Amino acid sequence: MSSKWQHPDRSLVKVNFDAAFRQHLKQSSSGVVIRNNMGLVMGSGEVFHRHVADAFAAEALACLNAITFARDMGFMKGVVEGDSRTIIVKAQKRDRGSNLVAHTIASMGF
């Protein structure tokens, strides 16, 4: 299986995120890269997390970090892309609005 990065529309940036999770330590690391429509990196970073319940929570944290990072850099319109289908599907639902990721993380605390 091969996949290739596809550029966003001209007026958008693409925000890619992923997480690495160490179950036995309950730790995760979130990675993000933001690229413009020509594929040039506009920003990237990583965040280390302790006390992470599971891989789903790690991916949710990565998504939240990516969106927050993009917003803090001043990007208000973009395409968010990750490899966790569950996170992407939940983030696309409009019934909880912009609070969905925070709600998901809060729910995972139980």
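Where does Met38 lie? Keep that in mind as a warm-up; Exercise 2 returns to it.

This is a predicted model, in which local features need pLDDT of at least 70 and side-chain atom pairs count only at pLDDT 80 or more, while totals for chains, interfaces and linings use all residues. Residues are numbered from 1 along each chain as its sequence is written, and side-chain values use heavy atoms, with hydrogens and water left out.

**Exercise 1. The fold in outline**

Task: describe the chain by its elements, its burial and its surface.

Solution.
- Step 1. Begin with the elements: the chain has 3 helices and 4 strands. Helices (H or I, at least four residues) and strands (E, at least two) are DSSP runs, numbered from the N terminus.
- Step 2. Put them in order along the sequence, and the pattern reads β-β-β-α-β-α-α.
- Step 3. Turn to burial, where buried means under 20% relative accessible area, exposed over 50% and partly exposed in between (1.4 Å probe, protein chains only). Of the 110 residues in the chain, 31% are buried.
- Step 4. Look at contacts, meaning heavy atoms within 4.5 Å. Among those between residues at least 6 apart in sequence, 57% join residues at least 24 apart.
- Step 5. Finish with the surface: the chain has an accessible surface of about 7,600 Å², and carbon and sulfur atoms hold 52% of that. Such areas come from the Shrake-Rupley method with a 1.4 Å probe; for residues, only the protein chains shown count as cover.

**Exercise 2. The loop between E2 and E3**

Task: place Met38 and Gly39, then find the nonpolar patch that includes Met38.

Solution.
- Step 1. Here is the warm-up answer: Met38 lies in the loop between E2 and E3. Met38 is exposed because its relative accessible area is 62%.
- Step 2. Gly39 sits in the loop between strand E2 (27-35) and strand E3 (41-50). Its relative accessibility is 26%, so Gly39 counts as partly exposed.
- Step 3. Check the distance to Val13: the C-alpha atoms of Gly39 and Val13 are 9.0 Å apart, with the two positions 26 residues apart in sequence numbering.
- Step 4. Met38, Leu40, Met42 and Met73 make a nonpolar surface patch of about 390 Å². Patches are made of residues with over 30% relative accessible area and no salt bridge; like charges are joined within 9 Å, and nonpolar side chains (Val, Leu, Ile, Met, Phe, Trp, Tyr) within 5 Å.

**Exercise 3. Helix H1 and its ends**

Task: compare the span of H1 with expectation, and inspect both ends.

Solution.
- Step 1. H1 (residues 55-72) has 18 residues and reaches 25 Å from its first C-alpha to its last, close to the expected 26 Å. The expected span is 1.5 Å times one less than the number of residues.
- Step 2. At the N-terminal end, Asp54 acts as a cap, with a side-chain oxygen 3.3 Å from the backbone nitrogen of Phe56.
- Step 3. Just after H1, Gly74 takes a positive phi of about 100°.
- Step 4. The buried residues of H1 include Phe56, Leu61, Cys63 and Ala70.

**Exercise 4. Salt bridges and Asn16**

Task: list the salt bridges, then follow Glu81 to Asn16.

Solution.
- Step 1. Apply the rule: a salt bridge is a side-chain nitrogen of Lys or Arg within 4 Å of a carboxyl oxygen of Asp or Glu. The count comes to 2 salt bridges.
- Step 2. One of them joins the side chains of Glu81 and Lys14 (3.3 Å, N to O). Glu81 lies in strand E4 (residues 78-81) and Lys14 in strand E1, so the pair ties together parts that are 67 residues apart in sequence.
- Step 3. Compare exposure: Glu81 counts as partly exposed at 33% relative accessibility, whereas Lys14 counts as buried at 6%.
- Step 4. The side chains of Arg71 and Asp72 also meet in a salt bridge (2.9 Å, N to O). Arg71 is partly exposed at 48%, and Asp72 is exposed at 55%.
- Step 5. Asn16 lies in strand E1 (residues 13-22) and is buried, with a relative accessible area of 16%. Its side chain makes a polar contact with the side chain of Glu81 (2.8 Å). A polar contact is a pair of N or O atoms within 3.5 Å; within protein, one must be able to donate a hydrogen and the other to accept it, and residues adjacent in sequence count only if both atoms are side-chain atoms.
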